[in-house]
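Welcome to this tour, and please have your viewer open. We will go from stop to stop, selecting one thing at a time and looking at what is there.

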Protein chains: 2
Amino acid sequence: MNDRGMGWEQPGAPAPSGGEALLFLTDEQLRKGIEAMFFAYRGFTADPDRILAEQDYGRAHHRALHFINRMPGTTVTNLLAILGVTKQSLNRVLRTLIADGLVESRVGRSDRRERNLHLTEAGEALERRLSAAQRARMRAAYRAAGPEAVAGFRQVLEAMMDDESRRQYQGLREPRG
Amino acid sequence: MNDRGMGWEQPGAPAPSGGEALLFLTDEQLRKGIEAMFFAYRGFTADPDRILAEQDYGRAHHRALHFINRMPGTTVTNLLAILGVTKQSLNRVLRTLIADGLVESRVGRSDRRERNLHLTEAGEALERRLSAAQRARMRAAYRAAGPEAVAGFRQVLEAMMDDESRRQYQGLREPRG
DNA sequence: CTTGGAATGTCAACAAGACTGACGTAACCT
DNA sequence: AGGTTACGTCAGTCTTGTTGACATTCCAAG
């Protein structure tokens with residue numbers, strides 16, 4: 001409650017160079033960044049949302065499909081940690097995906113309490129369709145902005161994550177290798 | 001912190017100038033971008049969410065406060081267009097904010113059908129608190145990534161928006177300015 | 001002056017997707 | 001044998017979004 005005139009660093013500080021310099025970050029610049037996230041995230045989800053609506057699914061289904069595709073054989077507990085929701089919430093989504101034949105739940109081999117989750121053919125098909133739409137927009141944005149902008153984009157996003165999310169993000173690898 | 005030298009420019013392609021270069025964008029690179037958005041957005045909303053939970057408000061209230069602060073005197077219809085929700089949905093939120101004395105709704109001068117929305121002192125106080133938390137994270141991310149990364153971040157986000165959102169985004173100016 | 005349409009607001013009903021809490025079962029580990 | 005872990009489910013709540021119907025107010029065109 002105290003930052004109306006937040007005059008941070010004095011004018012006359014060294015010019016920014018690299019990522020080490022003290023940056024002048026005005027209220028206005030930061031607010032524009034916040035708004036950019038807001039509007040961009042809306043665009044980011046718009047295309048998949050349209051496809052999902054056709055199928056009577058929602059974003060929750062998309063997220064599950066994405067990460068099961070990304071980490072085939074993952075367990076429910078692991079998915080829970082990544083998505084950051086309760087098991088009841090995830091279970092509702094997972095149940096419909098399994099019932100609809102998009103996801104397969106196999107009893108774990110070494111530990112039979114666990115369920116290893118995989119996409120079926122149909123699940124992979126929908127995931128590809130959703131992903132293709134989202135990737136098309138991402139690709140267009142990347143191309144419009146250029147490779148240096150893309151590197152910066154990723155750096156800022158990564159710095160914006162919670163530590164736990166960053167660990168999860170960095171842990172993700174190619175599906176299937 | 002791994003994508004400093006992500007060599008996905010076409011080998012031998014002309015140096016990127018003006019976002020014109022042809023980029024090789026693999027599925028994997030695009031998926032990582034998608035995941036970065038997902039995890040970063042979670043961090044982006046985490047701090048305000050905690051404050052809002054204390055006050056029994058949600059993100060919808062935050063968004064309304066943000067844009068009313070940003071465009072003092074804006075009308076309901078304009079806010080509707082920016083937030084991209086139905087008037088019923090916005091009205092529910094607005095009603096509680098007005099009832100709680102955070103937002104003031106004044107009958108329009110030139111057109112008395114319109115309602116010009118303003119934050120009260122209390123509304124400004126909460127908005128500042130929410131914004132301060134969000135800006136703190138944004139500032140930390142910007143500083144960690146450096147000024148060039150910030151420019152790229154904004155470029156990519158802007159390119160990711162729908163046309164309509166981009167117009168709205170670019171139309172936003174300093175509050176009071 | 002009347003009327004059509006625009007802007008606003010309200011009521012009711014509903015759905016998705018999150019939450020908590022409680023409970024049960026099976027499997028694993030010591 | 002007993003305690004813990006993994007998973008699933010039932011029941012209830014909350015926020016935030018949706019439609020549809022309808023009333024009010026007011027500007028502006030005829």
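A salt bridge, on this tour, is a side-chain nitrogen of Lys or Arg within 4 Å of a carboxyl oxygen of Asp or Glu. By this rule, the count over all chains comes to 30 salt bridges.

Before you click further, a note on the model and its labels. The model is predicted, so local features need pLDDT of at least 70 and side-chain atom pairs count only at pLDDT 80 or more, while totals for chains, interfaces and linings use all residues. Residues are numbered from 1 along each chain as its sequence is written, chains are lettered from A and ligands numbered from 1 in the order in which they are written, and side-chain values use heavy atoms, with hydrogens and water left out.

**Stop 1: a salt bridge between chains**

Select A:Asp162 and B:Arg137. Their side chains meet in a salt bridge, with N and O 3.0 Å apart. The pair crosses between chains: B:Arg137 sits in helix H5 (residues 121–145) of chain B, and A:Asp162 in the loop between H6 and H7 of chain A. Helices here are DSSP runs (H or I, at least four residues), numbered from the N terminus; strands are runs of E with at least two.

**Stop 2: the interface of chains A and B**

Now colour the two protein chains separately. How many salt bridges does the rule find across the interface of chain A and chain B? It finds 10. There are also 25 residue pairs in polar contact between chain A and chain B, both residues at pLDDT 80 or more. A polar contact is a pair of N or O atoms within 3.5 Å; within protein, one must be able to donate a hydrogen and the other to accept it, and residues adjacent in sequence count only if both atoms are side-chain atoms.

Next, highlight the helices of chain A. Those that each supply at least two residues of the side touching chain B include helix H1 (27–54), helix H5 (121–145) and helix H6 (147–160). H1(A) gives the largest share of that side, 19 residues. By class, the side of chain A that touches chain B has 37 nonpolar, 16 polar and 23 charged residues. Here Ala, Val, Leu, Ile, Met, Phe, Trp, Tyr, Cys and Pro count as nonpolar, Asp, Glu, Lys and Arg as charged, and the others, Gly among them, as polar.

Zoom out to take in the whole interface. Between them, chain A and chain B bury about 7,800 Å², 64% of it on carbon and sulfur atoms. Buried area is the accessible area (1.4 Å probe) that two parts lose on being put together, summed over both.

**Stop 3: the axis**

Centre the view on A:Phe153. Of the residues of chain A, A:Phe153 comes closest to the rotation axis, at 1.9 Å (C-alpha). A rotation of 180° with 0.0 Å of shift along its axis superposes chain A on chain B, with an RMSD of 0.1 Å. That is the relation of a two-fold axis. The superposition is by least squares on the C-alpha atoms of residues with pLDDT of at least 70 in both copies.

**Stop 4: DNA strand C**

Select strand C and the residues near it, meaning those with a heavy atom within 4 Å. Of the 25 residues around DNA strand C, those that come nearest are A:Gly58, A:Arg63, A:Thr86, B:Thr77 and B:Lys87. A polar side-chain atom of A:Arg63 lies 2.4 Å from a phosphate oxygen of the strand. On a base, look for B:Arg113, with a polar side-chain atom 3.2 Å from a base nitrogen of strand C.

**Stop 5: DNA strand D**

Finally, move to strand D. Among its 23 surrounding residues, A:Thr77, A:Lys87, B:Gly58, B:Arg63 and B:Arg92 come nearest. Which part of strand D is 2.7 Å from an N or O atom in the side chain of A:Arg113? It is a base oxygen. A polar backbone atom of B:Thr86 is 2.7 Å from a phosphate oxygen of strand D. Of the atoms of strand D within 4 Å of the protein, 56% belong to sugar or phosphate and the rest to bases.
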